[in-house]
Amino acid sequence: RLNYAEHVLRSASERPDEVALAGLSQTRDRSELTWAQLVEQVGRARAGLQRLGVERGDRVAAYLPNSPQALIGLLATASLGAIWTSCSPDFGHRAVIDRFAQVTPKVLIAVDGYVYGGKTFDRQDEVAAITAALPGLGAVILVDYIGTAASHPALPVPTTAWASLAD
């Protein structure tokens, strides 16, 4: 049996202080994670997903930009034997619902918004519409990407902040 996350992280102990992941965006400084930090963050996300009931064969959907959180979420999901699917947050809610409803995710990892071309795009209304339309969705993990997650409207399922996954 092959586990993608185990395969990607298998040599992390041999080079714990080397950079494993570099994150770049239009509005943030470059960020880096070493292999040791990546393993630790994948473990925290995995534990958070487990607390939300994610098991082998379940689906985790992500409404995220290409970001460190997306890779960490993918690896945490794969480490559990669960299935990962994602859409960019520049997709409107109808397109996302069409895709995600086909796989009935147990958990949605969603961003509050993103920045492109110097313009901020708040996606809170889209996240609310997506959440309301997905049958069987049990929880949302909200990534505070543009600083508006604290003011996010109430969703029909429990919401957890990405930053508190390991708490």
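## Exercises on a predicted model

The side chains of Asp58 and Lys106 form a salt bridge, 3.1 Å from N to O. The model is a predicted one.

**Exercise 1.** Place the Asp58–Lys106 pair along the chain, then classify the burial of each partner.

*Solution.*
- Step 1: Asp58 sits in the loop between α2 (35–51) and β3. Lys106 sits in the loop between α4 (93–100) and β5.
- Step 2: The two residues are 48 apart, so the pair links distant parts of the chain.
- Step 3: Buried means under 20% relative accessible area. Asp58 has 15%, so Asp58 is buried.
- Step 4: Lys106 has a relative accessibility of 26% and therefore counts as partly exposed.

**Exercise 2.** Follow β3 and β5 into their sheet, and work out which strands form its edges.

*Solution.*
- Step 1: Strand β3 (residues 59–63) runs parallel to strand β5 (residues 107–111), and four bridges join them.
- Step 2: Within this pairing, Ala61 has Leu108 of β5 as its bridge partner.
- Step 3: The sheet is open, has five strands and pairs in parallel; the order is β4-β3-β5-β8-β9.
- Step 4: β4 (83–87) and β9 (159–161) each pair on one side only, and these are the edge strands.
- Step 5: On average, neighbouring strands are turned by 20° against each other, direction ignored.

**Exercise 3.** Determine which strands helix α5 lies across, and its angle to β5.

*Solution.*
- Step 1: Helix α5 covers residues 124–133.
- Step 2: The helix lies across β3, β5 and β8 (139–143).
- Step 3: Its direction makes an angle of about 170° to β5.

**Exercise 4.** The structure holds four salt bridges. Compare burial in the Arg123–Glu126 and Glu32–Arg30 pairs, as far as values are given.

*Solution.*
- Step 1: In the Arg123–Glu126 bridge, the closest N and O atoms are 3.6 Å apart.
- Step 2: Arg123 has 10% relative accessibility, so Arg123 counts as buried. Glu126, at 17%, also counts as buried.
- Step 3: In the Glu32–Arg30 bridge, the closest N and O atoms are 2.9 Å apart.
- Step 4: Glu32 has a relative accessible area of 42%, so Glu32 is partly exposed.

**Exercise 5.** Decide whether Ser79 is buried or exposed, and list its contacts beyond four places in sequence.

*Solution.*
- Step 1: Ser79 belongs to helix α3 (residues 68–79).
- Step 2: Its relative accessibility is 18%, so Ser79 counts as buried.
- Step 3: Leaving out residues up to four places away in sequence, Ser79 touches Asn3, Ala5 and Arg46.

Conventions:
Residues numbered from 1 in each chain as written. Predicted model: local features only at pLDDT ≥ 70, side-chain atom pairs only at ≥ 80, totals over all residues. Heavy atoms only, no water. Pairing = 2+ DSSP bridges. Axes fitted to C-alpha atoms, helices over the stretch in contact; angles between N-to-C directions. Contact = heavy atoms within 4.5 Å. Buried < 20%, exposed > 50% of the residue type's maximum accessible area, 1.4 Å probe, protein only.
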